[in-house]
Amino acid sequence: PFLHGGPAPARDYSICEYDFSAIPLADTLDLHPDKARMFMVANHGWKMIHFESGHRPMLFNLRTDPDEVNDLGAHAGHADVIAQMYDKLAEWSRRPAARTTRSNAALIHCRTNEPRTGVLIGVVDETDTTPEESVNYVGRTAKDARNLPGND
């Protein structure tokens with residue numbers, strides 16, 4: 001309804017999913033395409049990232065660490081928050097949704113044979129990718145949108 005001028009749906013959390021099975025990071029981590037996926041759950045206070053690869057979740061306190069520098073995912077004292085965030089992820093995963101699929105072979109082929117654009121997950125600096133891929137990113141900075149109206 002929101003896309004057609006209606007009210008935004010009421011919800012207390014947001015989800016983001018990212019499939020990185022077709023990028024070199026999946027090769028670096030030696031991950032099968034089924035395991036090269038991550039899911040983010042965020043509410044106004046916390047952000048958790050779940051990795052299908054079996055790596056432990058990352059957890060950030062958005063109130064005290066809005067820049068997401070201090071990963072609390074390994075701290076036993078936050079197990080209740082992680083459990084709550086997993087409950088939200090499980091709720092979201094049970095919704096009806098359309099899925100688009102590509103074969104595992106096609107995804108693996110993409111890791112080294114197709115140009116990458118957008119956010120280059122797993123790329124820390126220009127030595128982690130080709131000059132053709134890094135030319136559009138090196139030296140650029142993004143506008144800080146945290147304090148713009150509507151981002152509260």
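**Exercise 1. Decide whether tyrosine 18 is buried, partly exposed or exposed, and describe how its ring sits against that of phenylalanine 20.**

Tyrosine 18 has a relative accessibility of 28% and therefore counts as partly exposed, since buried means under 20% relative accessible area, exposed means over 50%, and partly exposed lies in between (1.4 Å probe, protein chains only). Phenylalanine 20, at 3%, counts as buried. The structure is a predicted model, in which local features need pLDDT of at least 70 and side-chain atom pairs count only at pLDDT 80 or more, while totals for chains, interfaces and linings use all residues. Residues are numbered from 1 along each chain as its sequence is written, and side-chain values use heavy atoms, with hydrogens and water left out.

For the rings, the rule is that those of Phe, Tyr and Trp (its six-membered ring) pair if their centres lie within 6.5 Å, with planes under 30 degrees apart called stacked, over 60 edge-to-face and the rest tilted. By this rule there are 2 aromatic pairs. In one of them, the ring centres of tyrosine 18 and phenylalanine 20 are 6.4 Å apart and the planes stand at 10°, so this pair is stacked.

**Exercise 2. Work out which strands pair with S2, and which residues stand opposite methionine 40.**

Strands (E, at least two residues) and helices (H or I, at least four) are DSSP runs, numbered from the N terminus, and two strands pair if DSSP finds at least two bridges between them. Strand S1 (residues 14-19) pairs with S2 in the antiparallel sense over 6 bridges, and cysteine 16 has methionine 40 in S2 as its bridge partner. Strand S3 (residues 46-51) is also antiparallel to S2, joined to it by 5 bridges, and here methionine 40 stands opposite isoleucine 49. A hairpin of 3 residues connects S2 to S3. Because 5 of the 6 residues of S2 (residues 37-42) are buried, this strand is largely enclosed by the rest of the structure.

**Exercise 3. Find how many salt bridges the whole structure holds, and say where the partners of lysine 88 and lysine 47 lie.**

A salt bridge is a side-chain nitrogen of Lys or Arg within 4 Å of a carboxyl oxygen of Asp or Glu, and the search finds 3 of them. Lysine 88 pairs with aspartate 12, their closest N and O atoms being 3.3 Å apart. Lysine 88 belongs to helix H2 (residues 79-93) and aspartate 12 to the segment before S1, 76 residues apart. Lysine 47 meets glutamate 68 at 2.9 Å, N to O. Lysine 47 lies in strand S3, whereas glutamate 68 lies in the loop between strand S4 (58-61) and H2, 21 residues apart.
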